[in-house]
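Student: I should like to take a close look at a single part of this protein, together with the features found elsewhere in the chain. Could you describe it in one connected account?

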Amino acid sequence: MNRDETRREGFGTLAVHAGQRPDPTTGAIMTPVFQTSTYVQPELGRHLGYEYARTQNPTREALEGNVAALESGHFGVAFASGLSALDAVTKLLSAGEHVISGEGIYGGSFRLFDQVFRRLGIEFTFVDSGDLNTIEAALRAETRLIHIETPTNPMMRLTDLRKAAGIARRAEAWLSVDNTFASPFNQRPLELGADIVLHSTTKYINGHSDIVGGMLVVSDDGLHDRLRFLQNASGAIPGPWDCWLALRGTKTLHLRMREHNANGQRIAEWLEQQPKIERVHYPGLASHPEHELAREQMDGFTGMISLDLGSRDRARSLVEGVRVFSLAESLGGVESLIGHPASMTHASMPEELRQRIGITDGLVRLSCGIEDAEDLLEDLDQALRRV
Ligand SMILES: *Cc1c(COP(=O)(O)O)cnc(C)c1O
C-alpha cells in the first residue's frame, strides 16, 4: 500500500509508514540502505528510474516522502545539513534580488546570508519578524524571499505564520519557515500558508544526536522542480546511511515530542518560580508575550527553553554545575543539553545584534530531552543552588 501524500491518517501512522513500502524484491519491511553510487541499466537509453546516486537514491526518497507527509507537504528534498538546505533555498534567487530575514535566526543561517550570499550580490534586510509591520516596511520590488524562524532560537519569540504568509503572497515572494525548533508534530507551516519548510533534521526529526542532515518540504510543483534541480546541481546530498537513521528517528517522532513537550512545560514552570532566574522564555508559559498565538498555531511548545541568569559568571556556574544535562551545542535529541548561546551557537552573530534581540551573556538555553522530569528538575535544582 502506498501511504504517501495523505493527511487522512494520523500523525503517528504517517510517522511510521509514510514514504515507505516493503522492498519489492525481498519484502523487507524496512527500506534498505541503498549503499551504491550507480545503477545498472538494462539496455542503452533505458534505466529503472535510477541512474546515479547524487540524483536518485531509494533510501533518500523514502525519507523525503516521510518528512513531506509529516509536514502536510507534497515533496521533500533532502540535504546533507540544515545549512545546505538553506543554501539551496537562497540559490532560488539571483544577484540583485532581496531577502527579508528574521534577525533572530540560527547563527549559522545568519552567517550564510551575511557572509556568503551577500558577497554574491543577494541583498538582505534583517527584521524583527515577530513585528509584521517591520516585514511589510522592508519589502522592495526585488524581494523574492521572506525567511523566518518561529519560535526563534534561542529567544523563543513567535511570528504569526498566517499573517506572514499573507504578506509574502501579496509581495509575490516565497515564505520559507525554518521549523527545526517546533518539529512538524508541533507546527506545520505549509498548512498556514508557507511555501517552503526547512529542517535541520539533525535536531528533533532524527532525534538521536547521531547524524547531521537537512530537509526542505514544499507542495508547489514548480518550486519542487527548482529545488530538486539545485539538490542535484549543487550536490549537497545526504548519504543513504544518514537517511536510514533519520527514517528510524521519524518513526518515534510523535512519541518523543510528547515527552519533550511535557518535560519542557514542567521545567519551564518550575524555572519561573526560581528567584535566581531573572526571566524564562517558553511559549507554553502564560507569561510569554505570544502565548495566545502559540496556542493558535502550535500543537505543543517543545523542549526548548531559554532563561536569563543576569551574568556570564552565573550562567557559567549553571552550565558547568549540571550532571544530567550535558554542555553541548545542538538540540532536539533524546538526551538533555544545556548551552550558552552568546559564546556557542550565536558566537558568529555581531555583538550589537545579539544584545538587541536579548542574547545576553547571562542567557542559558536548555534542550529538554526525554529523561524523567524529576531527574531533570533535581539536576537543575542542585546546580542552581550553587549559582
Ligand atoms: C541546527 C540548526 C540549523 C542548521 O542545521 P545543520 O544541520 O547544523 O546544518 C538551522 N536552523 C536551526 C533552527 C537549527 O537549530
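Tutor: The account below begins with one strand and then turns to a glycine and to the aromatic rings. Please bear in mind that this is a predicted model.

The part chosen is strand β6, which spans residues 196-200. This strand is mostly covered, and five of its five residues are buried. In a regular strand, side chains alternate between the two faces of the sheet. Accordingly, Ile-196, Leu-198 and Ser-200 point one way from β6, while Val-197 and His-199 point the other way, and all are buried.

Strand β6 has partners that can be taken in turn. Strand β5 (residues 174-178) runs parallel to β6 and is joined to it by three bridges. Here Asp-178 stands opposite Leu-198 of β6. Strand β7 (residues 214-218) is antiparallel to β6, and five bridges join the two. In that pairing, His-199 has Met-215 of β7 as its bridge partner.

A second strand gives another buried position. Gly-339 lies in strand β11, residues 337-339. Gly-339 counts as buried because its relative accessible area is 8%, and buried means under 20%. Val-319 is 20 residues away from Gly-339 along the chain, yet their C-alpha atoms are separated by 6.7 Å. With neighbours within four places in sequence left aside, the contacts of Gly-339 include Val-319, Leu-327, Ala-328 and Met-344. Leu-363, Val-364 and Arg-365 are also among them.

The aromatic rings remain. A pair of such rings is described by the distance of the centres and the angle of the planes. A search of the whole structure finds six aromatic pairs. One of them, Phe-124 with Phe-126, is stacked, at 6.1 Å centre to centre and with 15° between the planes. Both Phe-124 and Phe-126 are buried. Trp-241 and Trp-244 form an edge-to-face pair, with 5.9 Å centre to centre and 75° between the planes. Both tryptophans lie in helix α8 (residues 240-250), three residues apart, which is about one turn of the helix. Trp-241 counts as partly exposed because its relative accessibility is 48%, and Trp-244 is also partly exposed, since its relative accessible area is 21%.

Phe-124 and Phe-126 also belong to one aromatic cluster with Phe-110 and Phe-113. Finally, a charge sits over a ring elsewhere: the charged end of Lys-203 is placed over the ring of Tyr-106, 5.1 Å from the ring centre.

Notes. Residues numbered from 1 in each chain as written. Predicted model: local features only at pLDDT ≥ 70, side-chain atom pairs only at ≥ 80, totals over all residues. Heavy atoms only, no water. Phe/Tyr/Trp six-rings, centres within 6.5 Å; stacked < 30°, edge-to-face > 60°. Buried < 20%, exposed > 50% of the residue type's maximum accessible area, 1.4 Å probe, protein only. Helix = DSSP H or I, 4+ residues; strand = E, 2+ residues; numbered from the N terminus. Lys NZ or Arg CZ within 6 Å of the ring centre and 35° of its normal. Contact = heavy atoms within 4.5 Å. Pairing = 2+ DSSP bridges.
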